[in-house]
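User: I am new to this structure and would like to go through it step by step. Please show it first.

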Amino acid sequence: MRNAREFNFDGLVGPSHNYAGLSFGNVASFSNVKSASNPKLAALQGLAKMRALAARGFAQALLPPQDRPNFRLLRSVGFCGSDAEVLAQAWKASPVILACAWSASPMWTANAATVSPSADSGDGRAHFTPANLNNKLHRAFEHAQSARSLRAIFSDQRHFAVHDALPGTPAFGDEGAANHTRLCASHGAAAVEMFVYGRVEFDASAPAPKRYPARQTLEASQAVARLHGLADERTVYIQQNPDVIDQGVFHNDVIAVGNGNVLFYHEQAFADEAGGLAKLRGAMAGVGAELEAIRVDTKQVSVADAVASYLFNSQLLSKADGKMALVIPQECQENAAVAGYLQGLVASGGAVDELIHFDLRQSMRNGGGPACLRLRVALNDAEAAAMHQGVVMTEALYHTLVAWVEKHYRDRLEPQDLADPALALEVHAALEELSRILGLPGLYDL
């Protein structure tokens, strides 16, 4: 066992943050389609969260936004000419495809990759597999830039391995860390890695949702585990309940979250709750950890309330005193059932003894809460020193980025603005300056 800390890499919201409602199955995203967004406020809300957690002593870093619009996507489907001509053609012929090219979804870095720390992998390196996100057009191109960013930040191959995304076919539908949880005695100890999947590609008899798509396959989860060299006895695969997918639970991190030895989950989260917990307990015994399961019954919080408030799309953070804090969106405080439950949870004397809440409404309206915004990366001291330091949140970086946002971001963005060539130029100029701020020159030279 080595000293290790869990870094949360939050996605920095980009200058083209917009509400296109592209994600069928994500109730919040779909319900706010085509409404006006505020990119400046979205970025400032995210930065405030990062700053506050860093100030509390939690290890906090960021992943930079991706370049937008995705002209490669637009040209690949037949729009041609200058950039301005491409935007005009796409706006006239297919505003939906244009919206896909402007997608703000890379801000949710829980979908950027699946991460296995060096304590778990076969070769003693931290492994990253960018998610192919092939279920949605607007996300299916993200993995190239995700891999580029991860390779820039984790470039030392003595410590890190960044794989290519899985093949972009339905059999290997992979949505990254949103369906992956690491359970352990401590961040530096060997852990049990839990993969939650929605369907099985090669078994037509396996249960599957009927209304909304299951985005993660068992086959993808197994492939990632192989790439990362995970031991079979410390890897557990659990199927998500198809019925909750059909209620808007598009990823496992909308219905469950884990940290250390704690799994905080809803009664309806898994297809076989008892069987899944038994597998976890058996595997965790092998790494010297005892599972602490915090189960929320339907009579306490309905699935509808869980989805509306994003109760489980929260962060569980280990504090220095051995207890845990739950980072929740403001919406949890505004939902009577959820707020009542959380009061009882903190007063119960269990593992979670503190609530930290943030206003993340710009992200929430687009379908992502605190857990969507971050990618968890457990690093030992040597690995933390080997990664690129320019993305680690400090007070100085916070103020620099706030000034950068104030300079470059609009405070209102409507659907028709996506056809504006000036917006594309603004985004490009902002990201060129950001690459210099973060010390990542050439990051956007695609």
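User: In what order do the strands of the open sheet of 3 strands stand?

Analyst: This is a predicted model. In it, 3 strands form an open sheet with mixed pairing. Their order is β9-β10-β11.

User: Which strands stand at the edges of that sheet, and why is one side of each left without a neighbour?

Analyst: An edge strand here has a single partner strand, so one side of it has no neighbour in the sheet. This applies to residues 256-259 and to residues 292-296. The edge strands are therefore β9 and β11.

User: By how much are neighbouring strands of this sheet turned against each other on average?

Analyst: The average is taken over neighbouring strands of the sheet, with direction ignored. The turn comes to 10°.

User: In which sense do β9 and β10 pair, and which residue stands opposite G258?

Analyst: Strand β10 covers residues 262-266, and 4 bridges link β9 with β10. The sense of this pairing is antiparallel. Opposite G258, in β10, stands L263.

User: Which helix lies across β10 and β11, and at about what angle does it run to β10?

Analyst: The helix across these two strands is α9, made of residues 273-285. Relative to β10, α9 runs at about 175°.

User: How many bridges join β1 to β2, and which residue stands opposite D10?

Analyst: Strand β1 spans residues 4-11 and runs parallel to β2. The two are joined by 4 bridges. The residue in β2 that stands opposite D10 is L62.

User: Are the residues Q60, A61, L62 and L63 of β2 buried or exposed?

Analyst: Strand β2 consists of residues 60-63. Q60 and L62 point one way, while A61 and L63 point the other way. On both sides, these residues are buried.

User: Where does the peptide bond from R68 to P69 lie, and is it cis or trans?

Analyst: P69 is part of the loop between β2 and α3, the latter being residues 71-76. The omega of the bond from R68 to P69 is near 0°. The bond is cis.

User: What is the phi of L133, and what is its relative accessible area?

Analyst: L133 sits in the loop between β4 (126-130) and α6 (142-153). Its phi is positive, about 50°, although L133 is not a glycine. L133 is buried, and its relative accessible area is 1%.

User: Which loop holds Y310, and is this residue buried or exposed?

Analyst: The loop between α10 (303-309) and β12 (315-318) holds Y310. Y310 is a residue other than glycine with a positive phi, near 55°. With a relative accessible area of 2%, Y310 is buried.

Note on methods: Residues numbered from 1 in each chain as written. Predicted model: local features only at pLDDT ≥ 70, side-chain atom pairs only at ≥ 80, totals over all residues. Heavy atoms only, no water. Pairing = 2+ DSSP bridges. Axes fitted to C-alpha atoms, helices over the stretch in contact; angles between N-to-C directions. Contact = heavy atoms within 4.5 Å. Buried < 20%, exposed > 50% of the residue type's maximum accessible area, 1.4 Å probe, protein only.
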